[in-house]
Amino acid sequence: MSSRSIYRTLRPVLSSSVLSSGLGTGHGIKGHVISHLPTIRFLSSDTSSSTTGNRQPENPVRTADGKVISTYWGIPPTKITKPDGSAWKWNCFQPWDSYKPDVSIDVTKHHKPSNFTDKFAYWTVQSLKIPVQLFFQRKHMCHAMLLETVAAVPGMVGGMLLHLKSLRRFEHSGGWIKALLEEAENERMHLMTFIELSQPKWYERAIVFAVQGVFFNAYFLSYVISPKLAHRITGYLEEEAVNSYTEFLNDIDAGKFENSPAPAIAIDYWRLPKDATLRDVVFVIRADEAHHRDINHYASDIQFQGRELKEAPAPIGYH
Ligand SMILES: [Fe+2]
Ligand SMILES: [Fe+2]
């Protein structure tokens, strides 16, 4: 069993032990130690009662700089330590969300457009590519950062619409909601990694603001009208993401772009070695993009066969 699946298996066990005891300390996997501070929160929800006024948690939730945020609700802060004993510093993801990417994936794979919908999707992406290339040229860091702000939208839109469909029709999604939301979260982690290396300028923020407004609505509409077209467009966008990260890697290898140390968030998220570099980060991100390419072309193929997504196994945890 992989460490990722062990984490997933143990997480609910850990949570339920905390629920039943109100006091949890667990030894995680691969040396991670996960502990919850003592709390009465799970024993009683009557925190507003005067009789429970002196039953506040002993250890209030604090910000990183030590300021108390809340003692009222009694939600226990989770303390996780890494195998070397240092603190796990990320609230945005936990050790069980991290993974070792499958970098053996074929990064040259391409879906040949064979019908009108495919061709429409392909040429839409190709025409969007021209202004993007003219604007960024070889400014890889800006390109990657702004690309990720767009790339994290389709998974969230698709996941949200499938979620609503599941509620509306009283039926399962077959795991596709989770798979698409995982993709969106993975893309957002790419962005969180790049902002450790470079900060957007004011006009880049303005571009992202405008592009998000247009792209979210356009993609939402296309997913409502034709999910198979929307997934095909995302499949081709991911193919272009793979290509642009290949150019990024080539320029690092040619010495045209400094191969700086990898940010700490990337080392923890992709379980990279401590001395990992930017090249290692771009390499695993490219592998992620290739996986997104497969998921979206696969989703489109299922629907081209006249089937619904829920009829085929959802690629949950496909990295
Ligand atoms: Fe990405
Ligand atoms: Fe992607």
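**Exercise 1.** Glutamate 311 has 46% relative accessibility; assign its exposure class, then place its salt bridge.

*Solution.*
- Step 1. Recall the classes: buried is under 20% relative accessible area, exposed is over 50%, and partly exposed is in between (1.4 Å probe, protein chains only).
- Step 2. At 46%, glutamate 311 counts as partly exposed.
- Step 3. Its side chain meets that of arginine 307 in a salt bridge, at 3.1 Å from N to O. The criterion is a side-chain nitrogen of Lys or Arg within 4 Å of a carboxyl oxygen of Asp or Glu.
- Step 4. Arginine 307 is partly exposed too, at 47% relative accessible area.

The model is predicted: local features need pLDDT of at least 70, side-chain atom pairs count only at pLDDT 80 or more, and totals for chains, interfaces and linings use all residues. Residues are numbered from 1 along each chain as its sequence is written, chains are lettered from A and ligands numbered from 1 in written order, and side-chain values use heavy atoms, leaving out hydrogens and water.

**Exercise 2.** Count the salt bridges, and find which residues share partners in one network.

*Solution.*
- Step 1. The count comes to 14 salt bridges.
- Step 2. Arginine 307 pairs with glutamate 311. Shared partners join Lys165, Arg169, Glu171, Glu308 and Lys310 into one network.
- Step 3. Take one bridge, between glutamate 308 and arginine 169: the closest N and O atoms are 3.5 Å apart. Glutamate 308 sits in the segment after α8 and arginine 169 in helix α3, 139 residues apart. Helices here are DSSP runs (H or I, at least four residues), numbered from the N terminus.
- Step 4. Check exposure. Glutamate 308 is partly exposed at 28%. Arginine 169 is partly exposed at 43%.

**Exercise 3.** Where in the fold do the partners aspartate 253 and arginine 279 lie?

*Solution.*
- Step 1. Their side chains meet in a salt bridge, 2.6 Å from N to O.
- Step 2. Aspartate 253 belongs to helix α6 and arginine 279 to helix α8, so the pair ties together parts 26 residues apart in sequence.
- Step 3. Aspartate 253 is partly exposed, because its relative accessibility is 46%. Arginine 279 is partly exposed, at 26%.

**Exercise 4.** List the protein donors of the iron ion (ligand 1).

*Solution.*
- Step 1. Apply the cut-off: donors are N, O and S atoms within 2.8 Å of the metal (3.2 Å for Na, K and Ca); water is not among the atoms, so sites may look incomplete.
- Step 2. The donors are Glu148 (OE) twice, Glu187 (OE), His190 (ND1) and Glu289 (OE), at 1.9 to 2.4 Å.
- Step 3. Their residues are spaced E-x38-E-x2-H-x98-E.
- Step 4. Glutamate 148 lies in helix α3 (residues 140-169) and glutamate 187 in helix α4 (residues 176-194); this pair links distant parts of the chain, 39 residues apart. Glutamate 148 and glutamate 187 are buried.

**Exercise 5.** Repeat for the iron ion (ligand 2): which residue does it share with the iron ion (ligand 1)?

*Solution.*
- Step 1. The donors are Glu187 (OE), Glu238 (OE) twice, Glu289 (OE) and His292 (ND1), at 1.8 to 2.6 Å.
- Step 2. The spacing along the chain is E-x50-E-x50-E-x2-H.
- Step 3. The two iron ions are 3.9 Å apart, and glutamate 187 coordinates both.
- Step 4. Glutamate 187 is in helix α4 and histidine 292 in helix α8 (residues 278-304), so the pair ties together parts 105 residues apart. Glutamate 187 and histidine 292 are both buried.

**Exercise 6.** Is serine 260 buried or exposed?

*Solution.*
- Step 1. Serine 260 lies in the loop between α6 (227-253) and α7 (264-269).
- Step 2. Its relative accessible area is 18%, so serine 260 is buried.
- Step 3. Serine 260 touches Leu197, Thr277 and Leu278, leaving aside residues up to four places away in sequence. Contact means heavy atoms within 4.5 Å.

**Exercise 7.** How many disulfides does a search of the whole structure find?

*Solution.*
- Step 1. The test is a pair of cysteine sulfur atoms within 2.5 Å.
- Step 2. The search finds 0.
- Step 3. Compare two cysteines. Cysteine 92 is partly exposed at 40%, whereas cysteine 142 is buried at 13%.

Note on methods
Helix = DSSP H or I, 4+ residues; strand = E, 2+ residues; numbered from the N terminus.
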